[in-house]
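Student: I've got a new model open and I'd like to learn how to read it feature by feature. Can you walk me through it?

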Amino acid sequence: MKLAVAKEIEMGENRVALIPDTVARLVKQGLEVWVEAGAGERSFFADEAYAAAGAKIIDDPYTLWGEADILVKVSPPQERDGRHEVDMLREGAILVGFTNPLGNPTLAQKLAQRRITTLSMELIPRTTRAQSMDALSSQASVAGYQAALIAAAASPKFFPMLTTAAGTIAPAKVFIIGAGVAGLQAIATARRLGAVVEAFDIRPAVKEEVQSLGAKFVEVKLDEETVADNGYAKEISEISKQKTQETIAEHVKLSDVVITTAQVPGKKAPLLVTEEMVAQMKPGSVIVDIAAEQGGNCACTQPGRDIRYNGVTIIGTINLPSSTPIHSSQMYAKNILTLLQYLINKEGEFTLNFEDDIVKNTCVTHAGEIRNQKVQEALEQLRVNA
């Protein structure tokens, strides 16, 4: 079976789907591995390292895409030299990577029409069994870490308390909205930097995790379920949203730094920090909005840009994992490796058991059909809106 590692062409994408170490393990397992020339260049993995691991370096992308049985990548397929990458795949091939199927179901439709079997890494279920395959979580941890560093660099204040000859400097107050994987890593990093940290989440179950990292948990009691089946926070009613925003406003106003991390897969990010809240913040305060790519949790966020509003700096970060490509690629490659080893048997055959919850959730298209129910619904909704 021929496994191909594609070079990412999306602007600003520095990660690679497999690193030399994981390639060596797959070669040992009996797979023939092709790597597109320069695929690991921006994540500091040279072609020579892949060749030493047993891979064949392919200069022509059309040969690599067209002859691959399994193609792995990071970002979704897109237009390339006037031709869509999906059309470069042979019919019946297998694609593994982030494909944004809920946000862009038309891509899933295109993949189905080409009879491509698509395994979407963002749909890996959040279960103990699938934990080592969970690419969303691995990359979110990088985003949370980077968000805290960006905030510390942008803030005109020190994060830690400092005792100097000029007197004692009070520590910065950091408020983190959303205590998922990204939020928890942001809490841990801001605490390591010495800040006083508070964190908010509509899921009361995360309280202990927040407190274990040395942060104060800001709680709001809501009269409805706040956790979706996949473990993420679910969309809540307008009454609950209003109650949530009132609680958030009290803490945003007093914070030196706000880091927002709340996202709903396939939907616009929930608005949590209003323009009025930003206007009440102290001059010099900083907001880092991890959800900028989905529209942002802050009303003033502009994706991919840093702006100044009423003396407050709002940073609309996008693709934060790409900014630390060595470790991001290492973690993502381990996620891909674990999934492939789970699906490829000892005889080297790729098998899909649709009774298995990992396969059922992750497989978006197969045999000319969209298999995932949520993706089908997203595509239907797109048709209705059109």
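Tutor: Sure, and keep in mind that this is a predicted model. Let's start with a pairing: two bridges join strand 8 to strand 18 (residues 363-366), and the two strands run antiparallel.

Student: Which residue in strand 18 is the bridge partner of Thr118?

Tutor: That's Thr365. Strand 8 also has a partner in strand 7 (residues 94-97): four bridges join the two, and here the strands run parallel. In that pairing, Val96 stands opposite Leu119 of strand 8.

Student: What unit do strand 7, helix 5 and strand 8 make?

Tutor: With helix 5 (residues 105-113), strands 7 and 8 make a β-α-β unit, and a right-handed one.

Student: How do I read the two faces of a strand?

Tutor: The general idea is that side chains in a regular strand alternate between the two faces of the sheet. Now look at strand 8 (residues 117-120): Thr117 and Leu119 sit on one side, Thr118 and Ser120 on the other.

Student: Are those four residues of strand 8 buried or exposed?

Tutor: They are all buried, so both faces of strand 8 are covered.

Student: What is the strand order in the open sheet?

Tutor: The sheet has eight strands in the order 3-2-1-4-7-8-18-19, and the pairing is mixed. Its edge strands are strand 3 (56-58) and strand 19 (369-370), each of which pairs on one side only. Elsewhere in that order, strand 1 (residues 2-5) and strand 4 (residues 70-72) pair in the parallel sense over three bridges. Ala4 stands opposite Leu71 of strand 4 there.

Student: Let's move to helices. How do I check the length of one?

Tutor: A general fact to hold on to: an α-helix has 3.6 residues a turn, so residues three or four places apart point the same way. For length, use the rise per residue. Helix 6 (residues 135-154) has 20 residues, so at 1.5 Å a residue it should span 28 Å. The end C-alpha atoms are 28 Å apart, which agrees.

Student: Which residue caps the N-terminal end of helix 6?

Tutor: Asp134 does: one of its side-chain oxygens lies 3.4 Å from the backbone nitrogen of Leu136. Leading into that helix is the loop between strand 8 and helix 6, where you'll find Leu123. Leu123 has 15% relative accessibility, and because the cut-off for buried is under 20%, Leu123 counts as buried. From Leu123 to Ala135 is 12 residues in sequence and 9.0 Å in space, C-alpha to C-alpha.

Student: Now the cysteines. How many disulfides does a search of the whole structure find?

Tutor: It finds zero. Take Cys298: the nearest cysteine sulfur, that of Cys300, is 4.6 Å away. A disulfide needs the sulfur atoms within 2.5 Å, so this pair doesn't qualify. The same distance applies from the side of Cys300, whose nearest cysteine sulfur is that of Cys298.

Student: Are Cys298 and Cys300 buried or exposed?

Tutor: Cys298 is buried, with a relative accessible area of 2%. Cys300 has 9% relative accessibility and counts as buried too.

Student: How many salt bridges does the count come to?

Tutor: The count comes to 16, and the rule asks for a side-chain nitrogen of Lys or Arg within 4 Å of a carboxyl oxygen of Asp or Glu. One of them joins Glu13 to Arg15, with the closest N and O atoms 2.9 Å apart. Glu13 is buried at 2% relative accessibility, and Arg15 is buried at 7%.

Student: What about a pair that links distant parts of the chain?

Tutor: Try Arg90 and Asp69, whose closest N and O atoms are 2.8 Å apart. Arg90 is in the loop between helix 4 (85-88) and strand 7, while Asp69 is in the loop between helix 3 (61-67) and strand 4, 21 residues apart. Arg90 is partly exposed at 30% relative accessibility, and Asp69 is partly exposed at 23%.

Student: Which residues are linked in a network of salt bridges?

Tutor: Glu36, Arg80 and Glu85 are linked that way.

Methods:
Residues numbered from 1 in each chain as written. Predicted model: local features only at pLDDT ≥ 70, side-chain atom pairs only at ≥ 80, totals over all residues. Heavy atoms only, no water. Expected span 1.5 Å × (residues − 1). Polar contact = N/O pair within 3.5 Å; in protein donor to acceptor, adjacent residues only side chain to side chain. Buried < 20%, exposed > 50% of the residue type's maximum accessible area, 1.4 Å probe, protein only. Pairing = 2+ DSSP bridges. Right-handed = clockwise from strand over helix to strand, strands pointing away.
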